[in-house]
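Here is a friendly walk through one residue and one ligand site. Have a look at the model first, and then we can go through the details together.

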Amino acid sequence: MAEVPMLEMKGITKRFPGVLANDRVDFDLYAGEVHTLLGENGAGKSTLMKILYGLYQADEGKILLNGRPVEIASPTSAIEHNIGMIHQHFMLVDTLTVAENVALGLPSSRGVLTDLDAVSEKIVALGKQYGLEIDPAATVWQLAVGQKQRVEIIKALYRVARLLILDEPTAVLTPQEVEQLFATLHQMTADGRGLIFISHKLHEVLALSDRITVLRHGRVTGNTTTEGATRSSLASMMVGREVKLAPDKPETEVGPAALEISGLRVIGDRGNVVIDDLDLEVHTGEILGIAGVSGNGQRELAETIAGLRQAESGSIVIAGSDVTNQTPAGVRSAGLAYVPEGRMKDGSIGPFTVAENLLLIDHNSKEFLDAGLLNFEAIRKHSQSLVDEFAVKTPSLDTPVRSLSGGNIQKLILARELSGTPNVLVASQPTRGVDIGAAEYIHIRLIEQRDQSTAILMISEDLDEIFGLSDRVAVMYEGKIMGIVDPKTVGREDVGLMMAGVSQEGRSAPGA
Amino acid sequence: MSDFFTEAVLIATVAGAIRLAVPLLLASLGETFGQRSGVLNLGVDGIMLLGAFAGYYTVLKTDNVWYGLLAGIAVGIGLGLASSLISVTLQAEQGISGIGVYLFGLGMSDLLFQRLVGTPVPITKFPKVDIPGLSDIPWLGRMFFQHSVVVYLAFLAVPLAMFIINRTTFGMNIRAVGENPEAADSLGVSVAAVRYATVTIGGTMAGVAGAALAIDLGIFQQNLTNAQGFIAIALVYFGAWRPLGVMAGALLYGFVNSLVLQFKTLGIIPQSWSDIAAMAPAVITILALVIVARRFRAPAALTKPFTRGT
Amino acid sequence: MSRNAWIWLGVAAAALLVIIIVAVSGGDDETTETTEAAETTTTVAETTEAPEETTEAPEETTEAPEETTTTAAAAEPIRIAIVAPSASNDLAFTQSIVDAVNVIESERDIAEVAITDGTFVVEDAAAAIRDYATNGFDLVIAHGSQYGGSLQEIAPDFPETSFAWGTAADTFGLPNVFAYEAASDEGGYVMGVMGAALTESSTIGIVGPIEVGDAKLYVDGYKAGAEAADSGVTVNVNYTGSFSDVALASEAAQAHVAAGADVMTGTAQMVVGAVGVANDQGILWFGTQANQTSLAPDIVVASQVYKWEVVLREILDNMESGTLGGSTYKIDLANEGLVIEYNPDFELSDDVKALADQAIADIISGSIVPTG
Ligand SMILES: Nc1ncnc2c1ncn2[C@@H]1O[C@H](COP(=O)(O)OP(=O)(O)OP(=O)(O)O)[C@@H](O)[C@H]1O
Ligand SMILES: [Mg+2]
């Protein structure tokens, strides 16, 4: 490692109304290393990084690059200092193509004209080199989250940043994609770049980092090198107590089918068939896990069930009533709770307060209405109890949701959706971006819901989660169910192969 | 009805549609830029009025229509910058501040006219230009290729606007800023600079539209535009924020207007219906374009001021 | 939005408001200044400051119209206010009343004339009417048929003030409202006779605003005159649907050209657009409401000019004798409130002129009734 760190942040303090987000934080980074920031939701990780990237200005403290003090007043000056950032929430223009998103803000080789052909070529080349293949001509809103994340990484690679901030880049990636990303990142550190990494997935942190700094309540509470650290040591450093990494799961009685899907066919955003003649049943009292690489129809499946997308043909029945192509409100009244994959976009209303967001689906229920008007007293009580129960970190119930930390927005939506007693719960990536303490709690709640005989359809790319929670595992590939297996008898390897499109029979056939 | 299908009337209907469309087209193309970048400027009509007066007065004094057009441009740039200041820097509520600009233009243009001119005096109009070759084509030549210069300029502005919006880095920045200013900002695109530029383009085009109107009519009068600026804003919505759509809208509006006038003149629409028929252009244009444009979505950041870090 | 932004917006809005007020009252000053009466120009001079200066002191300017005269009211000479929909020099409807009051001002001892023009928004006009009445003007002229409803509400609140409403034939039975109108069909008829004699294509085009009141009367009269003179003439009438859309009026004229018209006329302030087209195409034009020769000296044949002073004299005589309203007046060819003014530069044959004179004589004698 070099003598002088490429980055030193000294005594950084940042206050928001009601929150001390960073409290005299010291942080440094040497060329060629990966330095991880670890901490609970709302610990102040993103805030510190946004200060480094010029999106926020620190109230106190200074930043040195290669030993020289610098002023980073805007993203422009961060870019000038060769700093790149992959944001926790996508910073993509949905209506632009992949190539346009990558080219944005860069000088063009053709002067005032865009040079998208050249950019596209380079994107394809970078994709080949780092295993991040993507169609440069695709419009971003049509992409699955995993693909969007690829675009974000390509944006950073394209800009040849010397110092790259990765704020939870793996939250939406499949295990294979994570592996590819890590290979890319290793290549980058070998070139002498410095990386700052943020993740709630401890095995990734252990696999990637050289050093780890732990933040709690805005303050640095620990430093360690990766050697000698374990998942449970990191977990207790972060949360301040022992954390159970795999939930207890009692046996339950499986009841009748509460969600019945038959012959479902759905057309995707690009006009192609994304769900093809799919049959599926989820029974009360069970968690059916859907495993699969993102972009194989999982998002569309969840959206179609929730009434957000048209079914071409086939039927969806919830607790005996046909809800095919009903409005979202109609589906909800049949007893569906829905935790969407894109929580910022579909699950919450940014400028609304915490209390208002918690009320979104219940706003017509008698409990909160007083002669047709909202009963604010009852609403506040209800909201406060949810916030406490799910440990949502917020200065107050009146804080607008967009200024919560990423993980806390997640918890808020889960709190809302899990607060009733639905017949069917569809949960997409329920713990993505949530810290391990909260993930533990969400898992416990999902199992409790199951035990109260809710039928749960859980979509996840996290195999730990799939194996830890599911009673049955369905693997999805190219819009079809490849097979349904019992997680107690079938191994991860097999599921992994099915996710890649190798059917169980196909695999076992040569052996037979 | 048979009177309608005569060469003179059919040609006049189409040529009239084109003439009526031109000021709307110019103004709404300009407004398209602003809205694509997320700024709604409701002051278009006010800028048109001042541009109209500036154009008129300059031609009155210099007898040179090009100086008149330049005066319209100058006024448009000035008021475009002022509008940018109000909506981008001061972050005023866009639905309200534009009305202020409109009232300013309405009052100021009349005040200046009363002080500097008084009684309307006719001025030199734009020269008519017959496009060599094309203007001799029977029928079509007189419909499309025997117009005043600004008509051609206005229609040339359509592919130019398309080109700028779709093929240049500036246009890419406009689209990005109007859709997701945070993302653009995070890549070092200055949201404020882009919006200043687009709103100023919009102001300039509005100034040109006003000057074109006054110089084409050869006269100025209080409230000369008669709210054409507001129709131009509506056309941007109905044209789905695309230059071609905006052009289609302007032409449709001009065509229905022109057709109704011809029908009234020939008595096809009876006199007693003429007041109701006067509403037809607005109603038909809105209906047609709403049906066509329903599939398109407004720029996501339209009317939303941008501040970093919230 | 930040607090600063609101403050700025407030300042900008205030500045705009002031400029607009100056713009509106600026119109007044201009007209009042052009009147010959020496006494009044001094009172108004205060408000005629450059607009830049006035913007800095908003309160002062807004109050200025009220301050202009406070003392003169007690004396004999009376104060007249005009509220009108378009510009004072529109060469049409509004100008006709402004010109008339100027004539009256040169004949009689008038203390002050105040004008609020351009109030095409009826609510604005109503506010101005009430303001003038409150400020003690003796005669408030509401020059627009669309102001009737407002007047009906306001007049009873000011029994000492006399109101005149035109063009209309109804005083609402109120003792302090006069009504006045123009028999514009008479001049229309006369010019229609001339138009029929002059057209070579036997096609005449008329551009109108909305088919109501004075405009309708004129259009119908012109049409009747042309058709009576030559039953072979086609008269195409095009009401554009707007009093203010100049571009539409221009296109309406183009439509008439396409239909073969070589003589045109039109009424209301937006016809300047049509005159422009007539001028370009060398089409003969007949004007009304004011003398429109200056708009197109080559093609204007004649204009029917309104001399409202005929009516105003009677109204003022009534007021002097203590009657503040209740009667209805009409200007026509007989009382010379309507006059046909010829364009001296247009070579009109004596034959045609003779036809016109005959029509005038017949109308005055009553042997012709233009619109039955
Ligand atoms: N713009 C803002 N306005 C007000 N408060 C904010 C703002 N941004 C962040 N905060 C608050 O600052 C604290 C730290 O947030 P930050 O986003 O840095 O957390 P984080 O460590 O990145 O958490 P996560 O793992 O959930 O992403 C939180 O309490 C959050 O509510
Ligand atoms: Mg974060």
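B:Asn257 sits in helix H11 of chain B, residues 243–265 (helices are DSSP runs of H or I with at least four residues, strands are E runs of at least two, both numbered from the N terminus). The model is predicted, so to read on: local features need pLDDT of at least 70, side-chain atom pairs count only at pLDDT 80 or more, and totals for chains, interfaces and linings use all residues. Residues are numbered from 1 along each chain as written, chains are lettered from A and ligands numbered from 1 in written order, and side-chain values use heavy atoms, without hydrogens and water.

B:Asn257 is buried, at 9% relative accessible area (buried means under 20%, with a 1.4 Å probe and protein chains only). Leaving aside residues up to four places away in sequence, B:Asn257 touches B:Leu20, B:Pro281 and C:Leu248, where contact means heavy atoms within 4.5 Å.

Now to ligand 1, which lies between chains A and B. A residue is near the ligand if one of its heavy atoms lies within 4 Å. The polar contacts below are pairs of N or O atoms within 3.5 Å.

| Partner of a ligand 1 oxygen atom | Distance |
|---|---|
| A:Gln88, side-chain N or O | 2.8 Å |
| A:His200, side-chain N or O | 3.0 Å |
| A:Ser403, backbone N or O | 3.0 Å |

The protein covers 93% of the 640 Å² of accessible area that ligand 1 has on its own (Shrake-Rupley method, 1.4 Å probe). In chain A, strand E2 (19–29), helix H1 (45–52) and helix H14 (406–417) each supply at least two shell residues.

Terms used. Polar contact = N/O pair within 3.5 Å; in protein donor to acceptor, adjacent residues only side chain to side chain. Buried < 20%, exposed > 50% of the residue type's maximum accessible area, 1.4 Å probe, protein only.
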